[in-house]
Amino acid sequence: MNEEMRRYFTPPDLKAAKKRGKEKISVLEFDPIPDEMKEIGNGRKYLIKTYGCQMNVHDSETIAGILEQMGYGPAESEEESDLILINTCAIRENAEDKVFGEIGRLKTLKTEKPELVLGMCGCMSQEESVVNRILQKHQHVDLIFGTHNIHRLPHLLKEALMSKEMVVEVWSKEGDIVENLPKVREDGLKAWVNIMYGCDKFCTYCIVPYTRGKERSRRPEDVLNEVRQLARKGYREVTLLGQNVNAYGKDFTDRNYRFGDLMDDIRKIGIPRVRFTTSHPRDFDDHLIEVLAKRGNLVEHIHLPAQSGNNEILKIMARKYTRERFLELVDKIKKAIPDVVLTTDIIVGYPGETEEQFEDTLSLMREVEFDSAFTFIYSPREGTPAARMKDDVPHEVKKERLHRLNRLQDEISRKKNEALRGQVVEVLVEGESKKDPDILSGRTRTNKVVNFRGPKHLIGEFAHVRITEPRTWTLNGEWVEEADLRQVGG
Ligand code: SAH
Ligand code: SF4
Ligand code: F3S
């Protein structure tokens, strides 16, 4: 890496990151695209390949928004693309492997079509080792930019089109909050809305606090205006996004306004469904529970990552809660919202995890009965404290634990879904089922997928469906017409 690039870049470093300042974050407006850049994309097509979490999916919508303002149009295939951007995820090694595979594969296309611009952005770009590897082994990449400088894309793209060298701009320090970024939303029914950026939790296994910078909350008025606009445009559902939404507002110096307050205000907006992800159990306060219990458009689904059911493991993960505290919180939530659906994330095979410690996770799963869970084998991330912990658990053992955990979760999921047999649920109909165009598919308020036979005009609408065949991951049912529903008294 030459000096010019280094200017933009520092490797993930826990000590340095934890020292990150309390300087005030400014809120800037996205600069209108300069005239000389508005036509760069005329007659050109772009393709964005997105990996990772909803945050990345939403960033891709912003990138698409910027590109379309520059005159680019969406491409249907790699072959017809003039610009391919890979928006990457660094959360686990296999996520990174996929991206390197993809970059390697695209070399052929780039050789056949040298004018193609191939770029990489997202969380992997924030890692020095990744950028070095690309510089050394993948010289066919034209552009790398990070998660903090998406708004700089017009300038970077212009440079990449003119330069023969790889253009690399990665800010290791988060910038300010940029409002009014253009967006091309993928879906006309459901929208993602950022409420905050970054994460200050520093769980010892996790790369996100380094790739996404410190916590910065968007101003409530900006979030509320965005949700109001979406409601006006006919969106049926918004999902509020943050790595740790329960920390929303902690960084405000000019007001005392937290996530519970935000939810209480969003509750008053005429949008039928509001979700959020992800909440950290540590900051989940009573006020938020109280607000969620008012329901209305606030759905009764909470994704609450537990990670482990063992106190020693939770401690070395730096999750800052105990099993008991977690269970207490679950209890409180279930009391306030009796039909709540809880889902979770679990990591198995943490460095040194013993069989007994793993069994504590199994027993937590049995005790809470989550409706579903995302389960992962621990993956060491360079620069994080856990990557330096001694790990004597063989990979085969980790795989076997994951398998046992998944079997248990499947059993619980099936049981939970079975309880819905015969019930009528409200479904937001999203479209035809992928497997069979005669079947419609949508989701309940609790985010469960429901498949049923019904007329196509229901797409984009709410329908009532009686569950006739619950399965482990999905529910099959029959459409209940409004007239019948009144007869049942539903
Ligand atoms: N901010 C979210 C998590 C985002 S990452 C939260 O705190 O809930 C999504 C999930 O990936 C995490 O909940 C965790 O279960 C998993 N994960 C994160 N880092 C990991 C690692 N190094 N190895 C395996 N799984 C990991
Ligand atoms: Fe990672 Fe923990 Fe932050 Fe979630 S809360 S993004 S797991 S550091
Ligand atoms: Fe991956 Fe970055 Fe999201 S590491 S999970 S894309 S915040």
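In this predicted model, Phe-202 sits in the loop that runs between strand 10 (196–197) and helix 7 (208–212). Its phi is positive, at about 50 degrees, although Phe-202 is not a glycine. Phe-202 counts as buried, because its relative accessibility is 8% and the cut-off for burial is under 20%. Phe-202 is also one of the residues around ligand 2.

The remaining residues around ligand 2 are Cys-199, Lys-201, Cys-203, Tyr-205, Cys-206, Val-208, Pro-209, Gln-243, His-280 and Arg-319. By class, this shell has seven nonpolar, two polar and two charged residues. Ligand 3 is surrounded by Cys-53, Asn-56, Cys-89, Ala-90, Ile-91, Cys-123, Arg-212 and Gln-243. Here the classes are five nonpolar, two polar and one charged. Gln-243 appears in both shells. Cysteines occur in both as well: Cys-199, Cys-203 and Cys-206 around ligand 2, and Cys-53, Cys-89 and Cys-123 around ligand 3.

The protein chain is assigned three domains. Domain 1 covers 3–169, domain 2 covers 177–418 and domain 3 covers 424–487. The centres of domain 1 and domain 3, taken over C-alpha atoms, are 38 Å apart. The secondary structure of the chain consists of 15 helices and 21 strands. The radius of gyration is 23 Å, close to the 23 Å that the globule rule gives for 490 residues, so the chain is as compact as a globular protein of that length. Along the principal axes, the C-alpha atoms fill a box of roughly 70 × 55 × 50 Å.

Burial and contacts were computed for the whole chain. Of its 490 residues, 56% count as buried. Among contacts between residues at least 6 apart in sequence, 76% join residues at least 24 apart. The exposed surface of the protein chain is about 22,400 Å². Carbon and sulfur atoms supply 48% of that area.

Gly-175 falls in the loop between strand 7 (167–169) and strand 8 (177–179). Domain 1 ends at 169 and domain 2 starts at 177. Gly-175 counts as buried because its relative accessibility is 15%, and burial requires a value under 20%. Beyond its neighbours within four places in sequence, Gly-175 contacts Ile-25, His-148 and Arg-216. Ile-25 is 150 residues away along the chain, yet the two C-alpha atoms are separated by 7.9 Å.

A cis peptide bond links Thr-277 to Thr-278, with omega near 5 degrees. Thr-278 belongs to the loop between strand 13 (273–277) and helix 10 (286–292). Helix 10 also borders the loop that holds Arg-295, with strand 14 (301–303) on the other side. Arg-295 counts as partly exposed, at 24% relative accessibility. With residues up to four places away in sequence set aside, Arg-295 touches Arg-267, Glu-300, Ile-337, Asp-339 and Arg-445. Arg-295 and Asp-264 are 31 residues apart in sequence. Their C-alpha atoms lie 10.0 Å apart in space.

Arg-443 is located in strand 18, which spans 439–443. Its relative accessible area is 24%, and Arg-443 is therefore partly exposed. Not counting residues up to four places away in sequence, the contacts of Arg-443 are Lys-190, Arg-273, Glu-426, Val-427, Leu-428, Glu-430, Lys-448 and Val-449. One of these partners, Arg-273, falls at the start of strand 13. Val-178 is 265 residues from Arg-443 along the chain, and 32 Å separate their C-alpha atoms.

Strand 18 leads into a loop that ends at strand 19 (449–453), and Asn-447 lies in this loop. Asn-447 has a positive phi of about 75 degrees, although it is not a glycine. At 27% relative accessibility, Asn-447 counts as partly exposed. Phe-202, with its positive phi of about 50 degrees, counts instead as buried.

Conventions:
Residues are numbered from 1 along each chain as its sequence is written. Chains are lettered from A and ligands numbered from 1 in the order in which they are written. This is a predicted model: local features need pLDDT of at least 70, side-chain atom pairs count only at pLDDT 80 or more; totals for chains, interfaces and linings use all residues. Side-chain values use heavy atoms; hydrogens and water are left out. A residue is near a molecule or strand if one of its heavy atoms lies within 4 Å of it. Ala, Val, Leu, Ile, Met, Phe, Trp, Tyr, Cys and Pro count as nonpolar, Asp, Glu, Lys and Arg as charged, and the others, Gly among them, as polar. Domain bounds come from an automatic or database domain assignment. Helices (H or I, at least four residues) and strands (E, at least two) are DSSP runs, numbered from the N terminus. The radius of gyration is taken over C-alpha atoms; the globule rule is 2.2 Å times the number of residues to the power 0.38. Buried means under 20% relative accessible area, exposed over 50%, partly exposed in between (1.4 Å probe, protein chains only). Contact means heavy atoms within 4.5 Å. Accessible areas come from the Shrake-Rupley method with a 1.4 Å probe; for residues, only the protein chains shown count as cover.
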